[in-house]
Amino acid sequence: MMNYFPNYYSIEDIFVTQEKVECKVNTRLQRLGFLDAGAETEDLEPGRTINLPLWYIKELKVNNAYFTIAVPDIYKNVHKAVCEAETTHIELGRLHPYFYEFGRYLTPYDRNHVIGRIIFETLRQRVRHLLDISKNDGDTKHEHRLDNIESKLHEAGVRTNTLYINWLQMSGNHIRTSQLVEEHQKKRKRADRSDDEGDNETDTPTSKKRSTM
């Protein structure tokens, strides 16, 4: 069963939060020039653009005075397809293997509220496609067509559809005797066996002689 929820020990969560995000410096940051490989001073000057890891950005306040988070190009590229309802043709796995989770983390920092709408509409348009390929396609090699969450949904859909077909064909529907009935049957067999042994003990040679006299 798919049971992914971002947490400290989640491998998927670690991969997502290692991604670099483009940020614009809003105020002078003293002694942080090392964050920009092209900086000529030890301070970060306003207007500079640097790349910071997502694990650092998500610790900042949404309305922080230091950085402005830029919308990654992958969401700008999907925006046109979302408007034209053609997201099923996009290879999300090639754009970003964690398309939805990456966008989910960036949504609070998007001041234009673009990323949230894009990931919502993308999944809404593609969920029917996921259902169709889960029913009609047993091939699980969709590394370029689906992102990580979609791949898990597809695998879960294939398993569920297989179980449903087996149920319809009664191929996996084996009726078993309940444990209570099995225990009752065992007790009856033991009782019958003890009765037979008791009858054999009463049927001794002496009794046979008496019966012949």
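Two strands are taken as paired if DSSP finds at least two bridges between them, and the legends below use the term in that sense for a predicted model.

**Figure 1. Overview of the predicted protein chain.** The model is a prediction, and its protein chain contains 9 helices and 3 strands, which follow one another along the sequence in the pattern α-β-β-α-β-α-α-α-α-α-α-α. Of the 213 residues in the chain, 30% count as buried. Among the contacts with a separation of 6 or more, 62% are accounted for by residues 24 or more positions apart.

**Figure 2. Strand 1 and its two antiparallel partners.** Strand 1 (20-25) is joined to strand 2 by 5 bridges, and the two run antiparallel; within this pairing, Cys 23 stands opposite Ile 50 of strand 2. Strand 1 also pairs with strand 3 in the antiparallel sense, here over 3 bridges, and Val 25 stands opposite Phe 67 of strand 3. In a regular strand the side chains alternate between the two faces of the sheet. Strand 1 shows such an alternation, with Val 21, Cys 23 and Val 25 buried and pointing to one face, while Lys 20, Glu 22 and Lys 24 point to the other and are not buried.

**Figure 3. Two cysteines in contrasting surroundings.** Which of the two descriptions, buried or exposed, fits Cys 23? Cys 23 counts as buried because its relative accessibility is 1%, and the cut-off for that class is under 20%. Cys 83, by contrast, has a relative accessible area of 56% and is therefore exposed, since that class begins over 50%. A disulfide is a covalent bond between the sulfur atoms of two cysteines; the structure holds 0 disulfides.

**Figure 4. The largest nonpolar core.** In soluble globular proteins, nonpolar side chains tend to be buried together. The largest nonpolar core of this model has 31 residues, of which Phe 67, Tyr 75, Phe 99 and Phe 102 touch the most other members. At least two residues of this core come from each of strand 1 (20-25), strand 2 (49-53), helix 2 (54-57), strand 3 (67-69), helix 3 (73-83), helix 5 (99-106) and helix 6 (115-136). The core also draws at least three residues from each of domain 1 (14-70) and domain 2 (71-172). Leaving aside residues up to four places away in sequence, Tyr 75 touches Phe 99, Phe 102, Gly 103, Ile 115, Ile 118 and Ile 119.

**Figure 5. The buried and exposed sides of helix 3.** An α-helix has 3.6 residues a turn, so residues three or four places apart point the same way. In helix 3 the buried residues are Ile 74, Tyr 75, Val 78, Ala 81 and Val 82. They lie on the same side of helix 3 because they cover an arc of only 110° around the axis. The other side of helix 3 carries the exposed residues Asp 73, Lys 76, Asn 77, Lys 80 and Cys 83. The buried residues of helix 3 pack against helix 4 (92-95), helix 5 and helix 6.

**Figure 6. Helix 5, a mostly covered element.** How many of the 8 residues of helix 5 are buried? Helix 5 is mostly covered, with 7 of its 8 residues buried, namely Phe 99, Tyr 100, Glu 101, Phe 102, Gly 103, Tyr 105 and Leu 106. Three of these names, Phe 99, Phe 102 and Gly 103, recur among the residues that Tyr 75 touches.

**Figure 7. Thr 87 and the segment that follows helix 3.** Ala 85, just after helix 3, takes a positive phi of about 55°. Thr 87 has its place in the loop between helix 3 and helix 4, and it counts as buried because its relative accessibility is 0%. Not counting residues up to four places away in sequence, Thr 87 touches Ala 81, Val 82, Thr 122, Gln 125 and Arg 126.

**Figure 8. Two exposed loop residues with positive phi.** Arg 31 is found in the loop between strand 1 and strand 2, where its phi is near 60°, a positive value in a residue other than glycine; at 61% relative accessibility, Arg 31 counts as exposed. His 113 is found in the loop between helix 5 and helix 6, and its phi, near 55°, is again positive in a residue other than glycine. With a relative accessible area of 54%, His 113 is exposed.

Technical notes: Residues are numbered from 1 along each chain as its sequence is written. This is a predicted model: local features need pLDDT of at least 70, side-chain atom pairs count only at pLDDT 80 or more; totals for chains, interfaces and linings use all residues. Side-chain values use heavy atoms; hydrogens and water are left out. A nonpolar core is a set of buried Ala, Val, Leu, Ile, Met, Phe, Trp, Tyr and Cys residues joined through side-chain atoms within 4.5 Å. Buried means under 20% relative accessible area, exposed over 50%, partly exposed in between (1.4 Å probe, protein chains only). Helices (H or I, at least four residues) and strands (E, at least two) are DSSP runs, numbered from the N terminus. Domain bounds come from an automatic or database domain assignment. Contact means heavy atoms within 4.5 Å. A disulfide is a pair of cysteine sulfur atoms within 2.5 Å. The arc is that of the directions from the helix axis to the C-beta atoms.
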